[in-house]
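Dear colleague, please look through the points below with the structure open beside you. They are written for a reader who is new to this kind of work.

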Amino acid sequence: MLPPIIEVFIVWHPQDTSGLQTADAIFKHFMHGPTFSGVIGGGIQVSFRSTPWEGSGTAPRPIYNSAHPAPNGIRPARFTVIVPLLGTELAASVEDETSSWCRYIAALQEDQARAPGEIGIYPFLLSGGATNGTKLGDILGGYQFVAAGRPEQLGESQLSMLCRDLTQGIAQLVSPDEMDRLTTFISHTKRHSSSEGEDVDALVDLVREVIGNTRLREYFDASDLQPGSDWDAELRGNASQSAMLAIRTDLYASRSWCQREIALAKTNGMPVIMMDAIGFGEERGSFLMDHVPRVAVRKVDGRWQKRDVYRALNLLVDECLKRALWLHQKDLSGERPELDIAWWAPHAPEPLTLLHWIGSQLASGVLREAEGALRILHPDPPLGEAEREVLQEYAKSTQLGRDIDIMTPRQLATRGG
């Protein structure tokens, strides 16, 4: 078992009654959903801090991090994430500077200031009065709150907004990539089928409007390509380094640049979410467009629905954090050489990505000295038996000429790995 990469601590006063519901929603997002269950156990953990630790009215048990490790030699997570839920009872308890709650909250801020690259604080406001002219506001008011604005009506809920903002903040804290904000590459075609009319333009406009209401940054070719720039190189560079939101309308799969953008994102291991907005149909489709999470986008009363776009964006942000976790687990696997993983595939392999990996490994000479079947590990969901057999036969037919053993962490665990 590898140690956890991230531990999320949710802190609230037990008499702020809405705190438990909010904490439970965050817990379910990270611990019960399918997205984060596909990494090796311990990739992300969520713990509550609310119950008094040393008698009635006292602060909860400590939050463990690299400076304050847990007892019994338990190794702290690589990153510590703290989510204070700011209610009026917490504010009242912190107001007395000699109270245990005041010392507790102040210590969180001091720890984060000491190690900003390891510890993140993401406050959420349960009550607007909790930080107005209070000691709690003095201590935590300098941090950008999550879900600070009002969610769009008919678009998303407050808890959906909270989970996306929090996931984005964590992804930006832990990502090995250099970034200040997650960027969404909008992949689309400007061409319409005869039955789509202006629907494609309306959907692209809606996607841009929704992204503008979030904390995400967009990359949109019509506005981001600058006069005189090498547009080919810039598009390729951004497609291979950004999280991709692909708008699949009737002609999308047949457009050569759309195919290139998807191929670049996949072979570089970037997250891709396919928005399925096919209006009438496709002539052939494309194998490049499959094997990624897909969200159905539909019209109601002649209008595209914002909630579909928010759902796709939320899933894209989750996939960004999942990728960052996977990259960190790959680094940690150096402590477990017996795992003998030849390829930590960030997504389930397919012929395109498998061919790209085989080519890069043969070119580097890494596989020349290896013996036996090569083990490939990827996050959930697992491949079907028929899919694995096709890839195994495909690998044998390439210059690799070797057996491959493809599995998820769960399947590895069942073998005692």
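The numbered points below take up three residues and one pocket in turn.

1. Before anything else, please keep in mind that this is a predicted model, and that the values in the points that follow should be read as computed from it.

2. I would begin with D250, whose place is in the loop that runs between strand 8 (243-248) and helix 9 (256-267). What is the nearest side chain of opposite charge to D250? That side chain belongs to R248 and is 8.5 Å away, and D250, although buried, has no salt bridge. A salt bridge would need a side-chain nitrogen of Lys or Arg within 4 Å of a carboxyl oxygen, and therefore R248, at 8.5 Å, does not provide one for D250.

3. The lack of a salt bridge does not leave D250 without a polar partner, since its side chain makes a polar contact of 2.9 Å with the side chain of S193. Leaving aside residues up to four places away in sequence, D250 touches S193, S195 and E196, and also I278, G279, F280, G281 and E282.

4. H192 sits in another loop, the one between strand 6 (183-187) and helix 6 (199-212). Is H192 buried or exposed? The relative accessible area of H192 is 26%, and because the partly exposed class covers values between 20% and 50%, H192 is partly exposed. Although H192 and D250 are 58 residues apart along the chain, their C-alpha atoms are separated by 7.3 Å.

5. The side chain of H192 has two polar contacts to look at: a polar atom of this side chain lies 3.5 Å from the backbone oxygen of K190, and a contact of 3.4 Å joins the side chains of H192 and D201. D201 also appears among the residues that H192 touches, together with G197, E198, V200 and L251, when residues up to four places away in sequence are not counted.

6. C102 belongs to helix 3 (residues 100-114). Its relative accessible area is 5%, and C102 is called buried because this value is under 20%. With residues up to four places away in sequence set aside, C102 touches S93, V94, D96, E97, K135 and I139. The C-alpha atoms of C102 and L321, which are 219 residues apart along the chain, are separated by 32 Å.

7. Finally, the largest pocket holds about 460 Å³ of space. Of the 24 residues that line this pocket, H291, P293, H347, D380 and P381 lie nearest its centre. Which element gives the largest share of the lining? Helix 10 (residues 306-332) does, with three residues.

Technical notes:
Residues numbered from 1 in each chain as written. Predicted model: local features only at pLDDT ≥ 70, side-chain atom pairs only at ≥ 80, totals over all residues. Heavy atoms only, no water. Helix = DSSP H or I, 4+ residues; strand = E, 2+ residues; numbered from the N terminus. Buried < 20%, exposed > 50% of the residue type's maximum accessible area, 1.4 Å probe, protein only. Lys, Arg positive; Asp, Glu negative; His and termini not counted. Polar contact = N/O pair within 3.5 Å; in protein donor to acceptor, adjacent residues only side chain to side chain. Contact = heavy atoms within 4.5 Å. 1 Å grid on protein atoms, 1.4 Å probe; cavity = no way out; pocket = protein on both sides within 12 Å on 5 of 7 lines; lining within 4 Å. Points joined across faces, edges and corners; volume = space filled by probe spheres on them.
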